[in-house]
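Please look over the sequence and the 3D structure shown here before reading the report. The sections below move from the overall fold to the contact between chains and then to two places in the backbone.

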Amino acid sequence: MIVLENLRKSFGELEVLKGINLTVDNGEVVSLIGASGSGKSTLLYCINALESIHAGKVTVDGIDVHAKGTDINKLRQKLGTVFQQWNSFPHLTALENVALAPRVVTKKSRKEAQEIAEKQLVHVGLGDKLNHYPSQLSGGQQQRLAIARALAMEPKYMLFDEATSALDPELVGEVLDIMRLLASEGMTMIVVTHEMSFARDVSDRVAFFKQGVLAEIGPPEQVMTNPQDPDLQRFLSTIG
Amino acid sequence: MDYQFHWRPVIQALPDLLKASLVTLEVSLIAMALGLMFGLVLYFCRASSLRLLRGFGSTWVEIARNTPSLFQIFVFYWGLGEFGIFLSSFTAVVAALTFNCAGYMAETYRGGFNAVPAGQDKAARTLGMTKLQSLRYVVLPQVLRAIYGPMTNQFTWVILASSLGMLAGLRELSGETQYFNSRTFRTFEFFAATAVIYYLIAKIALILMRLLGRPLFRAERARP
Ligand SMILES: Nc1ncnc2c1ncn2[C@@H]1O[C@H](COP(=O)(O)OP(=O)(O)OP(=O)(O)O)[C@@H](O)[C@H]1O
Ligand SMILES: [Mg+2]
């Protein structure tokens, strides 16, 4: 379970998160939607501690993410993160990309790490690309590689930050398919997305972000077909 | 021109010249290896948030890059004597060349690190890697790839610059050549032969660097 309590975050003068309360239950898929600059990415990075916070609290399975004594590297193993830019490691093959963290972080043997990597690459449909380098893969394939790389740590949660926004339109589908697959397997996911059909079809709840506050949250049929917030109504009509 | 070439003294001295070449190689290798390490440390000093470290790094780099190498060798060989520190020719030359290499490499590393997108480290850290693991397995291999060309040039430069060591009394290849020259006065022959030896050493070093660097460039070779 991921719990955000009265979470506040500023960049200098600019307050980006103005007291967010959100609980994500195990097995739940929550989509975050909202205008550019509303603080969606920042929220994700406060969960995996890529960003510090100024007030409030984030707990993952009861562990206070931003407490001094927290072993953040250990906690991050639970939190798979996929960025808009896939950041595949260009000097390593697909197999090595995925096997690296199990090797050096969880100290698996070379053989074990390779087995895990192969399993996850098959999982995301890259079973025939094990020995390819990122430069030999398309954007969609590299993003699936990034997903496999995160899954290899056997995370309990997956955080997606606009995982399909940097892709050519014809490559978006293959990545969304994998995300759908993970959701159907019961993975707990927080998904920042501009793909309204994905938010509608896959999420248990949709949260609308407006200038650092959670303006509206609920099941997609409620939030997306019967929005209350006028800004959300406008947002949905422009984007969808 | 009625100069008579006499190569016999050179041929007789060849074993000694080759032995001295090993000193040249030894000095260059040690200075280069240490320069690579200290250069990395200097890069981190200069990128540090601590002013003291930044100042230390910048001062080193500025002096190393903006004073003559010969002057640097003299400082280590004679200059330190003022402070009661007496280094052997070998140590002084290695130290001075290391000082110089580190300064140049610090600057080269900066370019290399800038060439690696910030997302690489971020991705590594979100997988649970520590700063050091991310550096070791993700960032540094890409930095090395980016600086490999300049690094190879630097190595060639050290080999050639180590000849300045003769002025601090080091019997490396140039020192040895000068020694034979002063005994036989076959100046042209000796320095011509030595130039050829330097050329060969530099070429062999270049080839070795290429071979050594091959694993770094696996991904480039795989390109369709
Ligand atoms: N490192 C930073 N330093 C200063 N300001 C930042 C930083 N990161 C984000 N911001 C600012 O915080 C606000 C929220 O940014 P954030 O990236 O969270 O928005 P977002 O909802 O993810 O937008 P987008 O849809 O464009 O990705 C923006 O105004 C942004 O300019
Ligand atoms: Mg964003």
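## Overall build of chain A

In this model, which is predicted, chain A has nine helices and 10 strands. The radius of gyration of chain A is 18 Å, close to the 18 Å that the globule rule gives for 240 residues, so chain A is as compact as a globular protein of that length. Taken along the principal axes, the box that the C-alpha atoms of chain A fill is roughly 55 × 45 × 30 Å.

## Inside and surface

Of the 240 residues in chain A, 55% are buried, where buried means under 20% relative accessible area. Turning to contacts in chain A between residues at least 6 apart in sequence, 64% of them join residues that are at least 24 apart.

The area that chain A exposes is about 10,000 Å², and carbon and sulfur atoms supply 47% of that area. As for charge, chain A carries 24 positive and 29 negative side chains, and the centres of these two sets lie 6 Å apart.

## Where the chains meet

How many residues does each chain bring to the contact? Chain A brings 27 residues and chain B brings 22 residues. Between them the two chains bury about 2,200 Å², with 60% of this area on carbon and sulfur atoms. On the side of chain B, the residues that lose the most area to chain A are B:Thr126, B:Leu127 and B:Arg218, which together account for 30% of what that side buries.

## Two positive phi angles

A:Lys107 is found in the loop between α3 (94-104) and α4 (110-123) of chain A, and this residue has a positive phi of about 55° although it is not a glycine. Is the residue A:Lys107 buried or exposed? With a relative accessible area of 61%, A:Lys107 is exposed, because a residue counts as exposed when that value is over 50%.

A:Glu154 sits in another stretch of chain A, namely the loop between α5 (139-151) and β7 (157-161). Phi of A:Glu154 is near 50°, which is again a positive value in a residue other than glycine. The relative accessibility of A:Glu154 is 57%, so A:Glu154 also counts as exposed.

Terms used:
Residues numbered from 1 in each chain as written. Chains lettered and ligands numbered in written order. Predicted model: local features only at pLDDT ≥ 70, side-chain atom pairs only at ≥ 80, totals over all residues. Heavy atoms only, no water. Helix = DSSP H or I, 4+ residues; strand = E, 2+ residues; numbered from the N terminus. Rg over C-alpha atoms; globule rule 2.2 N^0.38 Å. Buried < 20%, exposed > 50% of the residue type's maximum accessible area, 1.4 Å probe, protein only. Contact = heavy atoms within 4.5 Å. Areas by Shrake-Rupley, 256 points an atom, 1.4 Å probe, with all protein chains shown as cover. Lys, Arg positive; Asp, Glu negative; His and termini not counted. Charge placed at Lys NZ, Arg CZ, Asp CG, Glu CD. Buried area = accessible area lost by both parts, 1.4 Å probe.
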